[in-house]
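The following exercises concern salt bridges, domains and a surface patch. Please attempt each task before reading its solution.

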Protein chains: 2
Amino acid sequence: MRIKTVISILGQLIIIIGVSMVFPLFWAIYYSEPALPFFIPMLFTILTGLGLFYFVKPSGEVREREAFAIVGLGWLVAALFGMLPFMLSGTFNSVADAFFETMSGFTTTGATVLEDIEVVDKGIIFWRGMTHWLGGMGIMVLFLALLSQITPGRMQMFKAEVPGPKAEKLRPRVRETAKILWTTYVVLSLTQTLLLYLAGLSLYEAFVHTFGTMATGGFSSQNASIGAFSSVVQWIVIMFMFLAGINFSLYYQFLNGKRFKAFWRNEEFLFYMGILLVFSIVLLPVIASVYDEGVLRTTVFQVVSITTTTGFSTTDFDQWPDYARGILVFLMLIGGCAGSTGGSIKVGRWLLLIKCGIRELLQLIRPRAVMSLKSADGLGTQEMTSNVMKFFFIYIFITAISILIVLPSGVDLITAFTVVAATIGNIGPGLGLIGPAQNYAFFGDGYKVFLSFLMLTGRLEIFTILVLFLPTTWKRS
Amino acid sequence: MRIKTVISILGQLIIIIGVSMVFPLFWAIYYSEPALPFFIPMLFTILTGLGLFYFVKPSGEVREREAFAIVGLGWLVAALFGMLPFMLSGTFNSVADAFFETMSGFTTTGATVLEDIEVVDKGIIFWRGMTHWLGGMGIMVLFLALLSQITPGRMQMFKAEVPGPKAEKLRPRVRETAKILWTTYVVLSLTQTLLLYLAGLSLYEAFVHTFGTMATGGFSSQNASIGAFSSVVQWIVIMFMFLAGINFSLYYQFLNGKRFKAFWRNEEFLFYMGILLVFSIVLLPVIASVYDEGVLRTTVFQVVSITTTTGFSTTDFDQWPDYARGILVFLMLIGGCAGSTGGSIKVGRWLLLIKCGIRELLQLIRPRAVMSLKSADGLGTQEMTSNVMKFFFIYIFITAISILIVLPSGVDLITAFTVVAATIGNIGPGLGLIGPAQNYAFFGDGYKVFLSFLMLTGRLEIFTILVLFLPTTWKRS
């Protein structure tokens, strides 16, 4: 492990976090709130970052182990510095609370320990939302620029996402591609902010809810979440949650000459559309029995919000009939497309697993036939299928063990199951004690820290975080 | 598909079912109950079987497709003829009820639609228990003589189970091996019957509960299940549930000169022991807070009963704290060892998956290192791992979809989840509306048939049943 290389790169990350604090500082001043809870952490964070960057010289290039350390520690460091404004403002009762909320922000989970959001300073709520947006952008970088270069499996995933050029030749182009994707992320965000502003939200509210949407995060400034706003605002949020759940490389292809073919010829996108459509249709009659108006909007909103792992709500869906609640739990395990800001298991993985299951059946009755998974994207080599199956098992296994860890806190079975699914899947609210009208405040500090790590584990697709716990990773070389 | 070959072999199976009915007939006469509900089906079943066997000439050898049809239809046919005594005795309210109960018996599930078992004729209860025992024996045959010869994947599983001779050379020895295993099954069953008799049960009760134990089934003659008997009886049942959950080929090895090394050198057995020990220890303090006496016995009984997928109970564990109930749900997904009469995912698969997960982690930080899964049994080639991962995904996927199918019946989420886990895992009772003090009677006929097929799907390890739904399977050749 080349510790110095890791520290130097983390220094740059810390600078970015510090500079970002200028935005909540602006809103705090604008709304005549105390400015020091942002000014002091900003200075401290930027200076620390600069110090690490200038005084620790990298001791070699980044290899696999360093890359894992940078990614894993990067999110941890971001949370530790990002929580400073929360600490100084006195919004939270404990360090664990502030850490939980910041991690929930950066991992785009959207689980909160705040019992009343509307009494909190606007600057704090803005920074809380902004951690989502930075985290969402971080996912884009990770997915496209960093992780894709590390393991053969992930490289193949990348190859599948950005067809055309051979994966080996992609390396020099990653920086350029990443730039285009960032630009898309920024442009989509600005568009949503503008639309929300035109729909009647203040610029501040528009920004906060764009952060929650585009990062598929879920932090709102309102206790009633998006339920506090007009139906026009709700439809805008639905649209952008949907867009944020799509593989961002499809936007790149769209702009790069493929136009709408980029979408219609992408199996994962079609499957994603299919899931949203089918479950909206299945839920519709159930929801129609609960509400008198806005049935379609309420149904589609919740299906899209949960599937994309955003976690916004327009109603307390924990009060729905158990059939509807069961469907929501199922959707919690699906997640957005690969290469989106959405979390959980992800649509692409489900698609590959289902294809593999079908092939297995056919193979059983014709054991001598040679069958291979093929798709327009060149998706589905043996190795990739195997990686996805391993991921699936480890995801379910960690979920099961985590439920056993959460249960002794005294929560009921449904709360325990959805707490784990909602944190590892980066969704936010679940059912029972952590329903959309509830929050995570009642958990003890130890559980809050555990759940924070579960969010991070889910966000970094499990392996990166698990690797950090292996002693071998930290051996000097 | 050579239909005639299939029918001819099914004929032999039907004869066996018919001949077995002589035993409940005996008890019916012994207890002066109506004998016709057994005598008529016995004659009809035997004659039908003989007819099919003598008049339909096999039209060729058994290939993969025929084998699947024989296995899948075999259990269906067994259930259809096996339900005749239930129908004629008037014990059940509908055909669906009788079908459900018989399928629950043959698949060694132990889920019941009877609301009061103790008012039912003794002959019927005996036949109900006997379907367990025949089904449990069927598993032995399937596992060792039939399925093992079909697919390369299963052949490897077999190779792993019975080390020593090369798999290719096993075919001629299968009949002999199967005989030894049957004998073990019969000897163990007679031993348990004797012990239960010595512990004070009537011979009739001893037989019925031996059937439920050795087949890891769970049908009892008492509404309170094993809770109706003394603590000595309960410990005997614990011991034999434990023995029934072990891979039967280890008994073969034990007798074949390996002695206790057969057990101590078998990783799956050690892992099975470990799971039972660890979860008993974890549960102990929780159970100690609920009961004043018999804490150890109650704890161990329930852990062993659920893990082996037997489903007997000595108490209403649905009244336990949610932490304990959560652990039981977790155990429902583990199951017995491969090659035992236990169902669910099975210990050997979990072991392989966990090993694979650990290897994956190590591989990530040392991508160039060549690592392979190895065990004393030669377990763990690439193909086998891949097959187990596919199985795991399909098992979880069918479970998830089945929960969505069960929910519209109006049950709550916990009932829905455990109904599916308890039927596909061949356990029997679950939590909520199907807790150990409850039953499956309240489900509509459609759901009862669906759940019957779920039991069969679990019993035949999924693929065999799914294959039967493919049109290709039934093409003429």
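**Exercise 1.** Is Arg325(A) buried or exposed?

*Solution.* The model is predicted.
Step 1. A residue is called buried when its relative accessible area is under 20%.
Step 2. Arg325(A) has a relative accessibility of 10%, so Arg325(A) counts as buried.

**Exercise 2.** Determine which salt bridges Arg325(A) forms, and state what network results.

*Solution.* Step 1. The general principle is that side chains of opposite charge can pair when their charged atoms come close.
Step 2. One partner is Asp318(A), whose side chain meets that of Arg325(A) in a salt bridge at 3.0 Å, N to O. With a relative accessibility of 16%, Asp318(A) counts as buried.
Step 3. Asp322(A) also forms a salt bridge with Arg325(A), and here the closest N and O atoms are 2.5 Å apart. Because Asp322(A) and Arg325(A) are three residues apart in helix 16 of chain A, about one helical turn separates them.
Step 4. Turning to chain B, Lys448(B) and Asp97(B) form a salt bridge, with their closest N and O atoms 2.6 Å apart. Lys448(B) belongs to helix 21 of chain B and Asp97(B) to helix 6 of chain B, so this pair ties together parts that are 351 residues apart in sequence. Both Lys448(B) and Asp97(B) are buried.
Step 5. Returning to chain A, salt bridges with shared partners join Asp318(A), Asp322(A) and Arg325(A) into one network.
Step 6. Over all chains, the whole structure holds 14 salt bridges.

**Exercise 3.** Describe how the two domains of chain A meet.

*Solution.* Step 1. Domain 1 of chain A covers 1–161 + 443–477, and domain 2 covers 172–440.
Step 2. Domain 1 of chain A contributes 56 residues to the contact, and domain 2 of chain A contributes 65 residues.
Step 3. About 5,200 Å² is buried between these domains of chain A, and carbon and sulfur atoms give 68% of that area.
Step 4. Two salt bridges are counted between domain 1 and domain 2 of chain A.

**Exercise 4.** Which helix of chain A gives the most to the nonpolar patch?

*Solution.* Step 1. The surface patch has about 1,200 Å² of accessible area together, and its members include Leu36(A), Phe39(A), Leu50(A) and Met87(A).
Step 2. Helix 3 (36–55) and helix 5 (84–89) of chain A each supply at least two residues of the patch.
Step 3. Helix 3 of chain A gives the most, with nine residues.
Step 4. Leu50(A) is located in helix 3 of chain A. Leu50(A) is partly exposed, with a relative accessible area of 32%.

Definitions and conventions: Residues are numbered from 1 along each chain as its sequence is written. Chains are lettered from A and ligands numbered from 1 in the order in which they are written. This is a predicted model: local features need pLDDT of at least 70, side-chain atom pairs count only at pLDDT 80 or more; totals for chains, interfaces and linings use all residues. Side-chain values use heavy atoms; hydrogens and water are left out. Patches are made of residues with over 30% relative accessible area and no salt bridge: like charges are joined within 9 Å, nonpolar side chains (Val, Leu, Ile, Met, Phe, Trp, Tyr) within 5 Å. Accessible areas come from the Shrake-Rupley method with a 1.4 Å probe; for residues, only the protein chains shown count as cover. A salt bridge is a side-chain nitrogen of Lys or Arg within 4 Å of a carboxyl oxygen of Asp or Glu. Helices (H or I, at least four residues) and strands (E, at least two) are DSSP runs, numbered from the N terminus. Buried means under 20% relative accessible area, exposed over 50%, partly exposed in between (1.4 Å probe, protein chains only). Domain bounds come from an automatic or database domain assignment. Contact means heavy atoms within 4.5 Å. Buried area is the accessible area (1.4 Å probe) that two parts lose on being put together, summed over both.
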